[in-house]
Amino acid sequence: MSKHIRIISTILVVLGAIYLIAAGFFAIFGLLALNNQSEIADTAWLPTLFTGGLILLPLTAIGVVHIATAKAFRQGKNWSRAALWILSIVNLGSIPIGTAFGGYAIWVLIRTKEFQGNE
């Protein structure tokens with residue numbers, strides 16, 4: 001089961017990196033949008049920043065949680081199992097890659113619980 005734990009941890013790091021890269025792209029596009037606004041719309045920067053924050057903050061937080069959970073799950077920390085359950089269930093809705101990862105992670109969580117004392 002240690003092989004599956006390494007695989008899950010690697011997938012979590014990759015997914016976390018994808019979330020952080022997406023947040024970076026949104027930040028760049030938001031800055032470009034702010035830079036290209038005309039002089040007439042002086043107050044348009046506030047909704048742009050607010051909307052950007054609504055997108056950037058959750059994406060960044062989810063990316064960091066994925067990476068922190070991966071590190072903790074690989075080290076065998078107890079809280080990482082609960083976090084991985086939550087991430088797996090949330091990722092089930094992201095068809096098709098998230099569904100495959102979520103199902104695989106749930107399978108690994110069930111199997112590691114059964115074999116926790118055997119390895």
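**Reading a four-helix model**

Mentor: Start with the count: the chain holds four helices and zero strands. From the N terminus on, the order is α-α-α-α. Keep in mind that this is a predicted model.

Trainee: OK, so what is the average pLDDT of the chain?

Mentor: As a general idea, where pLDDT is low, don't read the predicted coordinates in detail. Here the chain averages 84, and 87% of the residues score at least 70. Among the elements, helix α3 (residues 78–91) has the highest mean, 92, while helix α4 (residues 97–114) has the lowest, 87.

Trainee: How many Å should α1 span, and how far apart are its end C-alpha atoms?

Mentor: Count 1.5 Å a residue: the 34 residues of α1 should then span 50 Å. The end C-alpha atoms of α1 are 49 Å apart, which agrees.

Trainee: Which residues in α1 are buried?

Mentor: The general idea first: an α-helix has 3.6 residues a turn, so residues three or four places apart point the same way. In α1, the buried ones are Ile 8, Ser 9, Leu 12, Leu 15, Gly 16 and Ala 23. Across the chain, buried residues make up 24% of the 119 residues.

Trainee: And the outside? Which residues make the nonpolar surface patch?

Mentor: Ile 21, Phe 25, Ile 28, Phe 29 and Leu 32 make a patch of about 520 Å². Ile 21 sits in helix α1, which covers residues 2–35. For the whole chain, the accessible surface comes to about 7,700 Å², with 73% of that belonging to carbon and sulfur atoms.

Trainee: What share of the contacts with a separation of 6 or more joins residues 24 or more positions apart?

Mentor: That share is 65% in this chain.

Key: Residues numbered from 1 in each chain as written. Predicted model: local features only at pLDDT ≥ 70, side-chain atom pairs only at ≥ 80, totals over all residues. Heavy atoms only, no water. Patch = residues over 30% accessible without salt bridge, like charges linked within 9 Å, V, L, I, M, F, W, Y side chains within 5 Å. Areas by Shrake-Rupley, 256 points an atom, 1.4 Å probe, with all protein chains shown as cover. Salt bridge = Lys/Arg side-chain N within 4 Å of Asp/Glu carboxyl O. Helix = DSSP H or I, 4+ residues; strand = E, 2+ residues; numbered from the N terminus. pLDDT = per-residue confidence, 0-100. Expected span 1.5 Å × (residues − 1). Buried < 20%, exposed > 50% of the residue type's maximum accessible area, 1.4 Å probe, protein only. Contact = heavy atoms within 4.5 Å.
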